[in-house]
Amino acid sequence: AVRREAPANTAILRLPILYGPCETLAESAVTVLAENMRRAAPGPLRMDAWATRYPTLTTDVAAVILQMVRRRLAQPAFAGIYHWSGDEPLTKFDMAKIMAPLVGFAPARLVADPNPPAGAPGPALRGALDDQLFPRGRQRTAPRRGDVGGHAPQQHGPAPETVGQGP
């Protein structure tokens, strides 16, 4: 729908599930899992272990947008629809296992639910990454583990200005 309304020379960036710095854990479909664990009643907590997601750190998205702007300035014909995501496939169960110790939740209480949710359209999602913008393995600006709420302990990967400039 956006493509029909946008001029032909538009560059569109499509993104999946996002996480990053936030004021409350309820702001993101990723960090809300931590909030759910904090508020869970005693006993086991079921988490979806069927649908694969590719959580994407908002600071990485900022680097992608910067790269797109630079590309557009250098190549005015740069246009199209680009898909970009984090490169670590995780289910909600996987994400919850990573976050559990960080929010004081016993990981052993998590129960994987391998069944597709009602109305699921088909097989679990496969991630998409546009290699034209960021070659695989070079797009990270922060570590994946321990990023609940976007509080990464240190920076990893190339500086944003070097990303997407080849090997």
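## Arg 46 and its partner

In this predicted model, Arg 46 is exposed, with a relative accessible area of 52%, a value that counts as exposed because the cut-off for that word is over 50%. Asp 113 forms a salt bridge with Arg 46, and the closest N and O atoms of the two residues are 3.4 Å apart. This pair links distant parts of the chain, since Asp 113 belongs to strand β6 (residues 110-113) and Arg 46 to strand β3 (residues 45-48), with the two positions 67 residues apart in the numbering.

## Other salt bridges

Side chains of opposite charge can pair when their charged atoms come close. How many salt bridges does the structure hold by the rule used here? The count comes to 5 salt bridges, and one of them joins Asp 48 to Arg 53, with the closest N and O atoms 3.0 Å apart. Both Asp 48 and Arg 53 are buried, whereas Arg 46, described above, is exposed.

Salt bridges that share partners also join Glu 35, Arg 38 and Arg 39 into one network. Within this network, Glu 35 forms a salt bridge with Arg 39, and here the closest N and O atoms are 2.5 Å apart. Both residues lie in helix α2 (residues 32-39), where they are 4 residues apart, or about one turn of the helix. An α-helix has 3.6 residues a turn, so residues three or four places apart point the same way. Are the two partners buried or exposed? Glu 35 counts as buried at 13% relative accessibility, while Arg 39 is exposed, with a relative accessible area of 68%.

## Helix α3 and its buried face

Helix α3 covers residues 58-74, and its length can be checked with simple arithmetic. At 1.5 Å a residue, the 17 residues of α3 should span 24 Å, and because the C-alpha atoms at its ends are 24 Å apart, the expected and computed values agree.

Which residues of α3 are buried? They are Asp 60, Val 61, Ala 63, Val 64, Gln 67, Met 68 and Arg 71. When the helix is seen down its axis, the buried residues of α3 fall within an arc of 155°, so they line one face of the helix.

## A nonpolar patch on the surface

Ile 65 also has its place in helix α3, but this residue is partly exposed, with a relative accessible area of 42%. Together with Val 69 and Leu 73, Ile 65 makes a nonpolar surface patch of about 300 Å².

## An aromatic pair

The structure holds 1 aromatic pair. The rings of Phe 78 and Tyr 82 have their centres 5.0 Å apart and their planes at 20°, so the pair is stacked, because planes under 30 degrees apart count as stacked. Phe 78 is buried, with a relative accessible area of 6%, and Tyr 82 is likewise buried, with a relative accessible area of 6%.

## Contacts across the chain

Residues that stand apart in the sequence may be compared by the separation of their C-alpha atoms. Asn 9 and Phe 78 are 69 residues apart along the chain, and their C-alpha atoms are separated by 7.2 Å. Asn 9 lies in the loop between α1 (2-5) and β1 (11-14), and this residue is partly exposed, with a relative accessible area of 43%, whereas Phe 78 is buried.

A second example involves Tyr 19, which has its place in strand β2 (residues 18-19) and is buried, with a relative accessible area of 7%. The C-alpha atoms of Tyr 19 and Thr 58 are separated by 6.0 Å, although the two residues are 39 residues apart along the chain.

## The chain as a whole

The secondary structure of the protein chain comes to 4 helices and 6 strands. In what order do these elements run from the N terminus on? They follow the order α-β-β-α-β-β-α-β-α-β. Of the 167 residues of the protein chain, 38% count as buried, and among the buried residues are Phe 78, Tyr 82 and Tyr 19.

Conventions: Residues numbered from 1 in each chain as written. Predicted model: local features only at pLDDT ≥ 70, side-chain atom pairs only at ≥ 80, totals over all residues. Heavy atoms only, no water. Phe/Tyr/Trp six-rings, centres within 6.5 Å; stacked < 30°, edge-to-face > 60°. Buried < 20%, exposed > 50% of the residue type's maximum accessible area, 1.4 Å probe, protein only. Patch = residues over 30% accessible without salt bridge, like charges linked within 9 Å, V, L, I, M, F, W, Y side chains within 5 Å. Areas by Shrake-Rupley, 256 points an atom, 1.4 Å probe, with all protein chains shown as cover. Salt bridge = Lys/Arg side-chain N within 4 Å of Asp/Glu carboxyl O. Expected span 1.5 Å × (residues − 1). Arc of directions from axis to C-beta.
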